[in-house]
Amino acid sequence: MSRNKNLPIIQSLEILEIAAEGNALGKVNDIVVFVPHAIPGDIVDVQIKRKRSNYMEGIVVRYEKLSPIRVVPVCNHFGVCGGCKWQDLPYEKQLFFKEKQVRDSLQRIGKITEGEFFSIIPSDNKYFYRNKLEFTFSSSRWLTEQEIQSGQEIDDRQALGFHIPGLFDKVLDIEQCHLQAEPSNSIRLALKEFALAQGFSFCDLRLHIGFMRNLIVRTTSTGEIMVIVSFGEDNQGDIESTLRFLQSRFPEITSLMYVVNTKVNDTIFDLPVKLFYGRDHIIETMEGLKFKIGPKSFYQTNSDQAYKLYCVTKELADFKGNEIVYDLYTGTGTIANFIARSCKKVIGVELIKEAIKDAHENAAVNNIGNAQFFAGDIKDVFKEDFVIEHGRPDVVILDPPRAGVHENVINSLLNTLPEKIVYVSCNPATQARDISLLAHAYAVEKIQPVDMFPQTHHVENVVLLRRRD
Ligand code: SAH
């Protein structure tokens with residue numbers, strides 16, 4: 001924690017609460033001070049880094065007193081790594097602040113005071129809950145303050161891990177990540193060791209050169225494992241020896257794939273992913289349904305909680321069996337296929353063509369005949385002619401990205417007036433904004449938050465809206 005003499009320091013600031021986006025805050029004469037790496041009950045000296053008319057932002061330069069509610073983080077990388085920032089908060093408090101975030105957003109942004117609020121559904125797994133992680137190779141490892149201050153020559157600069165928040169070219173070398181079950185850690189450590197032993201170059205994230213680029217590990221609850229290695233050079237000999245090493249060291253990998261990526265960005269969406277060994281997909285199961293997951297397919301990253309989220313969605317919709325349902329922002333059609341047997345017909349719409357292909361395949365694999373899927377931007381697809389062609393929906397499920405729903409989609413909802421809207425959201429702020437735009441025509445009936453991401457401030461929330469008559 002470096003002090004800058006020219007910036008003011010507030011002494012003995014008590015951290016009072018956690019507000020939107022997981023920001024901890026205290027108050028000085030009614031001016032809010034946002035302070036990362038602090039939790040309610042901490043008393044800290046804060047150096048102010050930014051002043052605005054109605055709030056300030058600072059960093060902790062001294063912990064005068066630690067909050068009595070603090071727990072010891074399990075991870076060695078806590079405080080440096082961008083993930084799992086709430087490890088020092090007990091899990092019940094994490095749930096409390098997530099619920100609060102949902103309530104506050106609905107009240108302050110949405111001006112919504114009605115609706116039955118159900119307690120947040122906790123995650124059974126507090127750690128090791130993710131089914132997908134992506135690691136980056138870098139020739140510029142993030143150095144600790146001790147390493148820098150030691151003044152010693154540092155010759156192991158290679159890292160395989162996660163980006164340091166806000167610094168695109170710095171990667172934290174990860175020794176153990178508590179987010180994904182084994183063999184995720186073993187695969188990452190073994191691959192790094194192999195690449196170093198072979199003398200392979202790690203990616204220079206500024207110059208975009210280097211052989212080893214990314215590692216993606218995806219797992220299913222049924223024990224299938226997909227590994228995708230991204231290489232920055234098309235050197236077939238070294239690619240083969242790397243993949244052969246992984247195959248022999250980890251025979252449990254069911255899908256071993258690779259990509260040659262010589263582009264500036266890391267995304268593999270616009271590149272051919274090649275199969276080296278096994279199948280070109282893994283299969284997740286849920287309530288007897290099978291979901292085929294290819295290397296580019298989206299699947300909710302916490303499978304157990306995804307199941308609970310979909311159950312909540314189905315329960316709130318309370319299908320009688322004769323409904324026409326639109327599942328907007330359907331992704332790979334998981335919700336649509338999950339509810340298909342409970343309604344007359346379901347129509348999924350999604351921007352990404354490949355996801356719609358997966359959605360069709362998933363319907364076919366599960367012998368679902370009453371689900372149809374269409375690719376396109378919802379704001380262009382969900383219009384009067386679409387509704388005339390496919391039938392007026394009785395229920396619309398919305399599951400948009402963080403930005404929420406486009407205004408045109410709100411207008412289409414207000415023109416179509418389905419009896420129920422089930423709004424699944426990963427961002428309570430945009431959800432509250434969207435609901436307020438519907439509020440004159442829809443009553444908020446039920447609110448059910450779900451915790452998909454323990455140790456982070458992220459919260460998923462499902463709201464049932466019913467048309468006012
Ligand atoms: N309901 C799905 C996925 C939700 S994620 C599930 O549970 O698996 C949100 C989805 O919205 C993503 O698949 C994203 O590609 C899609 N999306 C984002 N903007 C969109 C738009 N304007 N029109 C259609 N789909 C969009």
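User: What is a polar contact, and which side-chain atom of Tyr 310 lies 2.7 Å from an oxygen atom of the ligand?

Analyst: A polar contact is a pair of N or O atoms within 3.5 Å; within protein, one must be able to donate a hydrogen and the other to accept it, and residues adjacent in sequence count only if both atoms are side-chain atoms. Here, a polar side-chain atom of Tyr 310 lies 2.7 Å from a ligand oxygen. For Gln 300, a polar side-chain atom is 2.9 Å from an oxygen atom of the ligand. This is a predicted model, in which local features need pLDDT of at least 70, side-chain atom pairs count only at pLDDT 80 or more, and totals for chains, interfaces and linings use all residues. Residues are numbered from 1 along each chain as its sequence is written, and side-chain values use heavy atoms, with hydrogens and water left out.

User: How many residues surround the ligand?

Analyst: A residue is near a molecule if one of its heavy atoms lies within 4 Å of it. By that criterion 16 residues surround the ligand, and Gln 300, Tyr 310, Glu 350, Asp 377 and Asp 399 are the closest.

User: How does one read the packing of helices α10 and α11?

Analyst: Two packed helices are described by the angle between their axes and the distance between the axes. Axes are lines fitted to C-alpha atoms, for helices over the stretch in contact, with angles from 0 to 180 degrees between N-to-C directions; helices are DSSP runs (H or I, at least four residues), numbered from the N terminus. The axes of α10 (residues 407–416) and α11 (residues 428–438) come within 10 Å and cross at roughly 35°.

User: Which residues of α10 and α11 meet?

Analyst: With contact meaning heavy atoms within 4.5 Å, Ile 410, Leu 413 and Leu 414 of α10 meet Asp 434, Leu 437 and Leu 438 of α11.

Note on methods
Helices (H or I, at least four residues) and strands (E, at least two) are DSSP runs, numbered from the N terminus.
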